[in-house]
Amino acid sequence: MYTHGRGILEIADELTTAYVEVFTAPPFEHRDPEETRTAFRKRLDGDAERDGFQAWIERSDDGRIAGFLTGWTTPAPFRTDRSYGSVLDRIGAEQVDELLIGAFEVDELGVLAHARGTGLARRLLEAATQANTRAWLLAWNQNHYAIAFYRHLGWREPEVRGPETDILVFVTP
């Protein structure tokens, strides 16, 4: 299922449940499920209003969400809240302008445990990058599986021009 804009809110509760399942399991087990639920649901309402918001949802045969990808077009000026300040510090304003502004920002990519190993994450990323030729995403430096996966797919890291942070930046090949 592909949707854009506020259409995602029709399945917001179901998507939030799926998000919590993915992002409170290892390596994110330190996160509180209820805090994660509340924060994501609130954020989703605002994200659905962003220019260029898009989402891809794939379901299992039993109808449950198996995986999801959400994102939007990165606006100028580049934000500095959330992890954006770390991105700016890490790769510098010049690379942010060149590589990220106007590109599709993969905000969330998650595959639930019952669907892992099926190629679903690859399919979701391929769908997003077919629709948006320029894209980028962030990975937490402790999420070793995801980092290896992005590198395996050919996503590349821009040159580090500032201090190392716990956030890695990847851009489409």
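Which strands does helix 1 lie across, and at about what angle does helix 1 run to strand 3? In this predicted model, helix 1 lies across strand 2 (54–59), strand 3 (65–73) and strand 4. Its direction makes an angle of about 100° with strand 3.

The strands belong to an open sheet. Six strands form this sheet, in the order 1-2-3-4-5-6. The pairing is mixed. Strand 1 (2–4) and strand 6 (167–171) are the edge strands. Each of these two pairs on one side only. From one strand to the next, the twist averages 25°.

The pairings can be followed from strand 1. Strand 1 and strand 2 run antiparallel and are joined by three bridges. Here T3 stands opposite A55 of strand 2. Strand 2 and strand 3 also run antiparallel. Six bridges join them, and Q54 stands opposite G71 in strand 3. Strand 2 and strand 3 form a hairpin with five residues between the strands. In this hairpin, G63 takes a positive phi near 95°. Strand 4 and strand 5, in turn, pair in the parallel sense. Three bridges link strand 4 with strand 5. V106 stands opposite L137 in strand 5.

A further helix lies across the sheet strands. Helix 3, residues 84–100, lies across strand 3, strand 4, strand 5 and strand 6. Helix 3 runs at about 15° to strand 6. For helix 1, the angle to strand 3 is about 100°.

The largest pocket holds about 1,200 Å³ of space. Its lining comprises 46 residues. Of these, F23, F28, E108, L109 and N143 lie nearest the centre of the pocket. Several elements give two or more residues to the lining. Among the helices, these are helix 1 (12–23), helix 2 (33–47), helix 4 (120–131) and helix 5 (144–152). Among the strands, they are strand 4 (104–111) and strand 5 (135–140). Strand 4 provides the largest share, seven residues. By class, the lining has 26 nonpolar residues, nine polar residues and eleven charged residues.

Strand 4 thus recurs across these results. Strand 4 pairs with strand 5, is crossed by helix 1 and by helix 3, and gives seven residues to the lining of the largest pocket.

Methods:
Residues are numbered from 1 along each chain as its sequence is written. This is a predicted model: local features need pLDDT of at least 70, side-chain atom pairs count only at pLDDT 80 or more; totals for chains, interfaces and linings use all residues. Side-chain values use heavy atoms; hydrogens and water are left out. On a 1 Å grid over the protein atoms alone, a cavity is a set of points where a 1.4 Å probe fits but cannot get out, and a pocket is an open set with protein on both sides within 12 Å along at least five of seven lines; lining residues have an atom within 4 Å of a point. Grid points are joined across faces, edges and corners, and a volume is the space filled by probe spheres set on the points. Helices (H or I, at least four residues) and strands (E, at least two) are DSSP runs, numbered from the N terminus. Ala, Val, Leu, Ile, Met, Phe, Trp, Tyr, Cys and Pro count as nonpolar, Asp, Glu, Lys and Arg as charged, and the others, Gly among them, as polar. Two strands pair if DSSP finds at least two bridges between them. Axes are lines fitted to C-alpha atoms, for helices over the stretch in contact, and angles run from 0 to 180 degrees between N-to-C directions. Contact means heavy atoms within 4.5 Å.
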